[in-house]
Amino acid sequence: MNRYSRILGTGSYLPEKVLTNRELEDLVDTSDQWIRERTGIRERHLVSEGETCSGLAEAAARRALAAAELEPDQIDLLIVATTTPDQVFPSTACLLQHRLGIGGFAAFDIQAVCTGFVYALSVADKFIRSGTHRCALVVGSETMSRIVNWQDRATCVLFGDGAGAVVLGAAEEPGILSTHLSADGAYKDLLQVPSGVGMGRCEDPYIEMRGNEVFRMAVTTLGRIVDETLAANRLSKSDIDWLVPHQANIRIIRATAKKLNLPMERVVVTVGEHGNTSSASIPLALDTAVRDGRIQRGETLIMEAFGGGFTWGSVLVRY
Ligand code: ACO
């Protein structure tokens, strides 16, 4: 009998503090109109002092577990995708495991920047399909505001904080239909935080981005991965019910929707209220559309992301 994985429950969490475009006008030389027209972003949530990546992850994870009607001790695999861990080590996954009061099974982080959740879901799917694990908690959690240079108008308007989670369980029917991961380290100079232990400095770890070039690569690459995903499953564009994209920029999202011939009503868009929450953005968007009743059981969703590395990937899901 084939063994598959399927999403049993979703959850998400946003910190209470909201920063609007108008408030950003007081910080840097920008305007609400510029930000909305170029990115679609109106506001974003930010952590306050004392809030951590593992704390956001815990809140999202508990909601996903409740939606799946499972207790934390029924989990046997925990993966956290994050670019902004609480500390160098232990991993945020280990910190989350402890917060949830569980232990004694595999827990680790995945670092693939904005594609992190797609990578994490793919890895969890493969663990479950191999038969070694039955129930995975997969979380994307970020405190991007802590690696943003709040004096750089080209990047500080783009990012936000939050977390999203799914519980993935073993199933006889898919579930996850296919996953597609890729990366190319040759583009590191276009999008990076040039700071870290190996560089001998950890101070001022700020995002640097050549936005225009990233934008062009993202649109081209996401168009290609969508085609590859459909071809691998012998599906046509009309078989897709929902696009649940990484939320970086409404113009990138519109370009991918056009590639799929999907009207924007079939695209989950949260970038306006969340900004770019990196690895948290897809599970945040998924949970939003599951809870408001748009995404229904049995529908086919494509999730896709592009981010620093460059990394990119997609997951095709029968929800
Ligand atoms: N407010 C006002 N003006 C601004 C701002 C701002 N916040 N930021 C930049 N500008 C100015 C620039 O200085 C430039 O001025 P100039 O023409 O006088 O030189 C002008 O606006 C145009 O700048 P561009 O960078 O060409 O603007 P663009 O249309 O490309 O939009 C943006 C910039 C929104 C960043 C876009 O390039 C983008 O979304 N890129 C992709 C970002 C992304 O998807 N990242 C994904 C991964 S993120 C991750 O992995 C962590």
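Which side chains meet in a salt bridge at 2.7 Å, N to O? In this predicted model, the side chains of Arg-291 and Asp-287 do so, and both residues lie in helix H10, 4 residues apart, or about one turn of the helix. Asp-287 is buried, its relative accessible area being 3%.

A search of the whole structure finds 15 salt bridges, among them two that join parts of the chain distant in sequence. In one of these, Asp-29 pairs with Arg-153, with the closest N and O atoms 3.7 Å apart; because Asp-29 is in the loop between helix H1 (21-25) and H2 whereas Arg-153 belongs to helix H6 (residues 153-156), the pair ties together parts that are 124 residues apart in sequence. Asp-29 is exposed, with a relative accessible area of 61%, while Arg-153 counts as partly exposed at 48% relative accessibility. Another salt bridge is formed by Glu-299 and Arg-266, again with 3.7 Å between the closest N and O atoms. Here Glu-299 is located in the loop between helix H10 (281-291) and S12, and Arg-266 in the loop between H8 and helix H9 (271-274), 33 residues apart. Glu-299 is buried, at 16% relative accessible area, and Arg-266 is partly exposed, at 28%.

Salt bridges also link Arg-22, Glu-25, Asp-32 and Arg-36 in a network. Within this network, Arg-36 has its place in helix H2 (residues 32-39) and is partly exposed, at 38% relative accessibility. When residues up to four places away in sequence are not counted, Arg-36 touches Asn-21, Ile-41 and Arg-42.

Turning to the interior, the largest nonpolar core has 37 residues, and those with the most contacts inside it are Ile-207, Ile-240, Leu-243, Leu-260, Ile-302, Phe-306 and Phe-310. Two or more residues are given to this core by each of helix H7 (211-232), helix H8 (250-259), strand S12 (300-307) and strand S13 (311-318), with the largest share, 6 residues, coming from H7. The core draws at least three residues from each of domain 1 (4-173) and domain 2 (177-318). Apart from its neighbours within four places in sequence, Ile-302 is in contact with Val-226, Thr-229, Ile-240, Trp-242, Leu-243, Val-244, Leu-260, Val-315 and Leu-316. A second, separate core of 33 residues includes Leu-77, Trp-242, Ala-289 and Val-317.

At the surface, Val-88, Phe-89 and Val-197 make a nonpolar patch of about 390 Å². Val-197 is found in the loop between strand S9 (191-192) and strand S10 (208-209) and is exposed, with a relative accessible area of 60%.

Note on methods: Residues numbered from 1 in each chain as written. Predicted model: local features only at pLDDT ≥ 70, side-chain atom pairs only at ≥ 80, totals over all residues. Heavy atoms only, no water. Patch = residues over 30% accessible without salt bridge, like charges linked within 9 Å, V, L, I, M, F, W, Y side chains within 5 Å. Areas by Shrake-Rupley, 256 points an atom, 1.4 Å probe, with all protein chains shown as cover. Salt bridge = Lys/Arg side-chain N within 4 Å of Asp/Glu carboxyl O. Buried < 20%, exposed > 50% of the residue type's maximum accessible area, 1.4 Å probe, protein only. Core = buried A, V, L, I, M, F, W, Y, C linked by side-chain atoms within 4.5 Å. Domains from an automatic or database assignment. Contact = heavy atoms within 4.5 Å.
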